[in-house]
Structures are given as structure tokens and as C-alpha cells.
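Here's a quick walk through one chain, from its overall surface down to a few individual side chains. Have the structure open as you read.

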Amino acid sequence: MYESQTLNAFIFDHCNKSMDNAVSAERYPLWKRACPGLNDIGFIRLGMLRCISLVDSGRHFLQAAEEVHEEQCPLSTYFKSLKSPRRVRMLEAVEQQSYDIYSETLSSHGIDYLKSFPELNDYTVLAADGHFIDHACHTEKGRNGKVYAAGFIYTFAVSPGRDDSLQKAQGNLPIRSAR
């Protein structure tokens, strides 16, 4: 039996376990590095909190994170971290381990949401969600003098045992693996 946890504690534990598994899965992960301003677990937690928070912008999120979740992160540190190629590689490794933990948990409890649909066994079934984010007033214009909203579609493989966990499409690009 599992003991009761707050959502914040569950996210923290899950992130730590996923990170530990990701570090163990590679001999010398090039993405592993200690960042004193915002460590990788903190970065992942802030990203997850951002996804589940009801906020209007990144700045609004950082203000809410400090007030509600007691998470302090300097504005420039947070936004520079979002653009880091190293952080992207780290997230790809951690995401795979997170999905493996998720799949293992469902399997250990005998949960297969598609069990009653055997005709889908040969297909990858994806659940999708997406949104567009209005650009900030200080966003630089492109060469054509226009600013476009950022659009994202995330899909999650619902099919058990599939290795294609999280995928992303941006703008008018086709859906591709986040890895």
C-alpha cells in the first residue's frame, strides 16, 4: 500500500527517481552537470509546476511559484535555462525513465486502458493535447516584421509496452519524437 503524499512531494520523488535512473542508464552522460543557480531537479519541477499552474505568462508563473509553492528562481536564470541545449538532452533522458516508471506502475497494477479493444494491438494509440501561447509584448519581430504565437501539441502513447512515450509538434512541423 502506498502512503498518502502531497502532489508536490509526489512530483519531487518521481523526478528524483527518474533522474537517478537516467544517470544510471548512461555510462558518462554528457548532459549531467551541477548548476548552482537552478539544479536539474529544480528545473524539472518548475517545468511540471508550470504545466499544472493557472498562470498567464512565464513571469506570472515565477511570481506564483514563489508565492504559492515557495520556489524562488531568478527571472533570467529560468528563461535562459529554457533555451539550454544541455537541459533538452537531460529532459529527453529523464523523460524516457519517467515513462518507464509510469509503464511499470500501470503494468504492476494490471492497468491496460485499451485491453477491451484488441483490434488496436497493432497500432500506437496516442492521447494528444495542445495550445498556443500568445507572444510577450517584448518579443522581437521576425524578418518579415511579424510575431507569431508559439504552438505546441504534445502526444502521449497510451498503448502499453510502446517505446514512443512523449512526442511534440511545434507550429506547423509534423509530430516527431521528443528524443
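The accessible surface of the chain adds up to about 12800 Å², with 55% of that belonging to carbon and sulfur atoms. Areas here come from the Shrake-Rupley method with a 1.4 Å probe, and for residues only the protein chains shown count as cover. Keep in mind that this is a predicted model: local features need pLDDT of at least 70, side-chain atom pairs count only at pLDDT 80 or more, and totals for chains, interfaces and linings use all residues. Residues are numbered from 1 along each chain as its sequence is written, and side-chain values use heavy atoms, with hydrogens and water left out.

As for the layout, the chain has five helices and four strands, running α-α-α-α-α-β-β-β-β from the N terminus on. Those are DSSP runs numbered from the N terminus: helices are H or I with at least four residues, strands are E with at least two. Of the 179 residues, 28% are buried, meaning under 20% relative accessible area (exposed is over 50%, partly exposed in between; 1.4 Å probe, protein chains only). Taking contacts (heavy atoms within 4.5 Å) between residues at least 6 apart in sequence, 53% join residues at least 24 apart.

Two buried residues are worth a look side by side:

| Residue | Helix | Relative accessibility |
|---|---|---|
| Ile41 | α2 | 12% |
| Ser81 | α4 (residues 75-82) | 6% |

Ile41 counts as buried because its relative accessible area is 12%. Leaving out neighbours within four places in sequence, Ile41 is in contact with Phe12, Cys15, Asn16 and Met19. Asn16 sits 25 residues from Ile41 in sequence, yet their C-alphas are 6.8 Å apart.

Over in α4, Ser81 has a polar side-chain atom 2.8 Å from the backbone oxygen of Thr77. Beyond residues up to four places away in sequence, Ser81 touches Leu38, Phe43 and Arg87.

Arg87 is also one of the buried residues of α5, a list including Met90, Val94, Tyr99 and Leu106. Helix α5 (residues 85-108) has 24 residues and reaches 35 Å from first C-alpha to last, close to the expected 34 Å, which is 1.5 Å times one less than the number of residues. Just after α5, Gly110 takes a positive phi of about 70°.

Back in α2 (residues 40-52), Ile52 has its place too. Together with Leu7 and Phe10, Ile52 makes a nonpolar surface patch of about 310 Å². Patches take residues with over 30% relative accessible area and no salt bridge, joining like charges within 9 Å and nonpolar side chains (Val, Leu, Ile, Met, Phe, Trp, Tyr) within 5 Å; a salt bridge is a side-chain nitrogen of Lys or Arg within 4 Å of a carboxyl oxygen of Asp or Glu.

Notes:
Polar contact = N/O pair within 3.5 Å; in protein donor to acceptor, adjacent residues only side chain to side chain.
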